[in-house]
Amino acid sequence: MLKSNSATQATAATLRFRQPTAEDGYALNQLVAASPPLDTNSVYCNLLHCTHFAETAVAAEEDGKLVGFISAHIIPAKPNTVFVWQVVVDKSQRGKGLAKKMLKEVIKRPACAEVKYMETTITPDNEASWALFRSFARDLGTELNHSIWFEKEAHFGGQHDSEALLCIGPFTQ
């Protein structure tokens, strides 16, 4: 008789994606704080991500605990483009493809029905994020273009690494 791996099945069954709520703001703040080198925001900023941008954000939850989150919004001047502000995955979930699954969840949202492009910014040395977004673009069968958008000296007063703007698309839902 074959044995099933019920522990694996149970874990997979308890992970769910949902639209965030204000009650996620503090947990999001703590998740980001526990995930260096991500830039932390105020709890208030995280509350806005969970409410004002809830339709384009994704909360990943396992057994009632926030284990992943994507903050994203439609760019007002580009209604066909969703901007991913931040991707965070709890250390217990890393290496399982959760970040890419959440990106795919973002573009499936009704609020993204007209979206054909995804943009984000990444520092040049953030290899994990580069790999994630390159893999995501490959999965969509589309291009990924990038250039430096915010420069270390000109925009951050030398206090933060430059940020490259990535543009993925066009893609279809």
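The following exchange between a biologist and a modeller concerns the strands, helices and unusual peptide bonds of a predicted model.

Biologist: What makes β3 and β4 count as paired strands, and in which sense do they run?

Modeller: Pairing requires at least two bridges between two strands. Strand β3, residues 65-75, and strand β4, residues 78-89, share eight bridges in the antiparallel sense, so the requirement is met. One example is A72, which stands opposite V84 in β4. The two strands form a hairpin with two residues between them.

Biologist: How do you know that β4 is also paired with β5, and what is the direction of that pairing?

Modeller: Four bridges join β4 to strand β5, residues 117-122, and these strands run parallel. The threshold is at least two bridges, so β4 and β5 are paired as well. In β5, Y117 is the bridge partner of T81. Between β4 and β5 the chain passes through helix α4, residues 98-108, in a right-handed β-α-β crossover.

Biologist: Why is that crossover called right-handed?

Modeller: The test is to view the strands pointing away; a clockwise path from the first strand over the helix to the second is right-handed. The crossover from β4 through α4 to β5 is right-handed, which means that its path runs clockwise in that view.

Biologist: What makes β1 and β6 the edge strands of the sheet?

Modeller: The sheet is open and has seven strands in the order β1-β2-β3-β4-β5-β7-β6, with mixed pairing. Strands β1 (15-18) and β6 (144-150) each pair on one side only. The twist from one strand to the next averages 25 degrees. Further along the order, β5 pairs with strand β7, residues 163-168, in the antiparallel sense over five bridges, and M118 stands opposite I168 in β7. Helix α4 packs on this sheet, where it touches β1, β2 (58-62), β3, β4 and β5, and its direction makes about 40 degrees with that of β3.

Biologist: Why are α4 and α5 called oblique to each other?

Modeller: The axes of α4 and helix α5, residues 127-140, cross at roughly 55 degrees and come within 10 Å. Angles under 35 degrees count as roughly parallel, 65 to 115 as roughly perpendicular and over 145 as roughly antiparallel, with the rest oblique. The angle of roughly 55 degrees falls in none of the named ranges, and the helices are therefore oblique. The crossing of α4 with α5 is right-handed.

Biologist: Which residues make the contact between α4 and α5, and what is their class?

Modeller: From α4 the contact includes A99, K100, L103, K104 and I107, and from α5 it includes L132, F133, S135, F136, D139 and L140. By class there are seven nonpolar, one polar and three charged residues.

Biologist: How are α2 and α3 arranged, and what are the residues of their contact?

Modeller: The axes of helix α2, residues 25-33, and helix α3, residues 43-51, come within 8 Å and cross at roughly 120 degrees. This crossing is right-handed. On the side of α2 the contact is made by G25, Y26, L28 and N29, which meet V43, N46, L47 and C50 in α3. These residues divide into five nonpolar, three polar and no charged. Glycine counts as polar, so G25 belongs to the polar group.

Biologist: Where are the cis peptide bonds, and what is the omega of each?

Modeller: The bond from P36 to P37 is cis, with omega near 15 degrees; P37 lies in the loop between α2 and α3. A cis bond also joins G169 and P170, with omega about 5 degrees, and P170 is found in the segment after β7.

Biologist: What is noted about the phi of D63, and where is this residue?

Modeller: The phi of D63 is near 50 degrees, a positive value in a residue other than glycine. D63 is located in the loop between β2 and β3.

Definitions and conventions
Residues numbered from 1 in each chain as written. Predicted model: local features only at pLDDT ≥ 70, side-chain atom pairs only at ≥ 80, totals over all residues. Heavy atoms only, no water. Axes fitted to C-alpha atoms, helices over the stretch in contact; angles between N-to-C directions. Left-handed = near helix turned anticlockwise from the far one by under 90°. Contact = heavy atoms within 4.5 Å.
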